[in-house]
Amino acid sequence: MTLRTLVTFATAIIMTAGAALAATHGGDIVYEKPVKGVIFSHKTHVEDKGLSCDMCHNRLFEMGKVAQEKADFVMESLYQGKYCGACHNGSMAFASNTRCATCHIGVKGQKRLSGGDKHDKKGH
Ligand code: HEC
Ligand code: HEC
Ligand code: HEC
């Protein structure tokens, strides 16, 4: 086996494992509407912060990327405690009127996530 086939093989295994993990809890979601580039990561919420599925998948969110189709998926709703604002209220998690860029990763961050901008090491 050449080094190149070995690397390809290893990459395939890692990607399969990643996809399987994402399949168990939804993976990363990047919203495009009404504004582009808002990140929601299942990994940080479920694996790192230990939140259970039903904390969000009760009345807050469906198991599909559908919230952005709703007209009230805007900051004002978050400030009123809906959607992400149910937790991002300054007590359970950082408030929705702070740290804009933590949720709004923008178009550049979206490219980085999808592997389109691998040379950009900034942004953490
Ligand atoms: C902190 C909140 C939160 C937790 C905890 C959470 N989810 Fe999600 N999940 C979301 C949000 C937000 C969406 C997108 C909803 C929307 O856009 O309408 C979503 C979407 C999904 C999707 C659809 C993904 C897609 O790309 O279409 C699946 C599947 C899913 N979740 C499974 C799970 C499972 C299984 C768990 C528990 C292991 C879990 N989620 C825990 C917030 C959460
Ligand atoms: C069930 C509660 C809950 C809901 C709902 C929730 N979050 Fe969070 N989120 C947390 C907690 C807890 C943390 C970590 C604590 C902190 O950093 O203040 C966090 C951290 C984050 C972070 C920083 C870590 C990371 O993933 O990069 C982002 C960004 C984020 N949330 C975005 C969102 C968005 C966008 C939504 C709605 C689509 C959302 N969250 C809904 C609880 C929640
Ligand atoms: C907890 C995550 C989170 C934080 C923090 C956050 N936003 Fe948002 N923002 C969202 C989500 C989710 C949407 C709706 C989805 C989309 O537009 O892609 C949104 C949409 C928006 C929109 C378009 C809809 C509207 O309300 O007009 C603007 C503008 C906006 N945010 C500005 C901001 C500013 C400015 C800040 C900081 C003061 C901020 N956001 C902080 C999650 C967040």
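A101 is found in helix 5. Helices (H or I, at least four residues) and strands (E, at least two) are DSSP runs, numbered from the N terminus. A101 counts as exposed because 10 C-beta neighbours lie inside 10 Å. The cut-offs are these: a residue is buried if 20 or more other C-beta atoms lie within 10 Å of its own, exposed if 12 or fewer, and partly exposed in between, with C-beta atoms placed from the backbone. A101 and V38 are 63 residues apart in sequence, yet 8.8 Å apart in space, C-alpha to C-alpha.

This is a predicted model: local features need pLDDT of at least 70, side-chain atom pairs count only at pLDDT 80 or more, and totals for chains, interfaces and linings use all residues. Residues are numbered from 1 along each chain as its sequence is written, while chains are lettered from A and ligands numbered from 1 in the order in which they are written.

**Confidence**

pLDDT is the predictor's confidence in each residue, from 0 to 100. The mean pLDDT of the chain is 83, and 72% of its residues reach 70 or more. Confidence is lowest in helix 1 (residues 3-25), at a mean of 55. Helix 4 has the highest, at 98. Over residues 120-124 the pLDDT is below 50, and this stretch has 3 contacts in the model beyond near neighbours in sequence. Two residues are in contact if their C-beta atoms, placed from the backbone, lie within 7 Å. Where pLDDT is low, the predicted coordinates should not be read in detail.

**Overall layout**

The chain holds 6 helices and 2 strands. Along the sequence the pattern is α-β-β-α-α-α-α-α. Of the 124 residues in the chain, 6% are buried. Among contacts with a separation of 6 or more, 32% come from residues 24 or more positions apart.

**The hairpin**

Strand 1 (residues 28-31) and strand 2 run antiparallel, joined by 4 bridges. Two strands pair if DSSP finds at least two bridges between them. D28 has S41 of strand 2 as its bridge partner. V30 stands opposite I39 in strand 2. The two strands form a hairpin with 6 residues between them. In the turn, G37 has a positive phi of about 85°. P34 also has its place in the loop between strand 1 and strand 2. A cis peptide bond joins K33 and P34, with omega about -5°.

**The loop between helix 4 and helix 5**

Y83 is found in this loop, and so is N97. R99 has its place there as well. Most residues other than glycine have a negative phi, and most peptide bonds are trans. Y83 is not a glycine, but has a positive phi of about 50°. R99, also not a glycine, has a positive phi of about 45°.

Which of the loop residues are buried and which exposed? Y83 is buried, because 21 other C-beta atoms lie within 10 Å. R99 is exposed, with 12 such atoms within 10 Å. N97 is partly exposed, with 13 other C-beta atoms within 10 Å. The C-alpha atoms of N97 and G85 are separated by 9.6 Å, and the two residues are 12 apart along the chain.

**Two ligand shells**

A residue is near a molecule or strand if its C-beta atom, placed from the backbone, lies within 6 Å of it. For the shell counts, Ala, Val, Leu, Ile, Met, Phe, Trp, Tyr, Cys and Pro count as nonpolar, Asp, Glu, Lys and Arg as charged, and the others, Gly among them, as polar.

| Shell | Nonpolar | Polar | Charged |
|---|---|---|---|
| Ligand 2 | 15 residues | 5 residues | 1 residue |
| Ligand 3 | 10 residues | 6 residues | 3 residues |

Around ligand 2 there are 21 residues, of which S41, T44, C84, C87 and A93 come nearest. Strand 2 (38-41), helix 2 (42-48), helix 3 (53-56) and helix 5 (100-103) each supply at least two residues of this shell. The largest share, 4 residues, comes from strand 2.

Around ligand 3 there are 19 residues, the closest being Y31, V74, M75, C100 and C103. Helix 4 (75-79) and helix 5 each supply at least two residues of this shell. Which element gives the largest share of the shell around ligand 3? Helix 5 does, with 3 residues.
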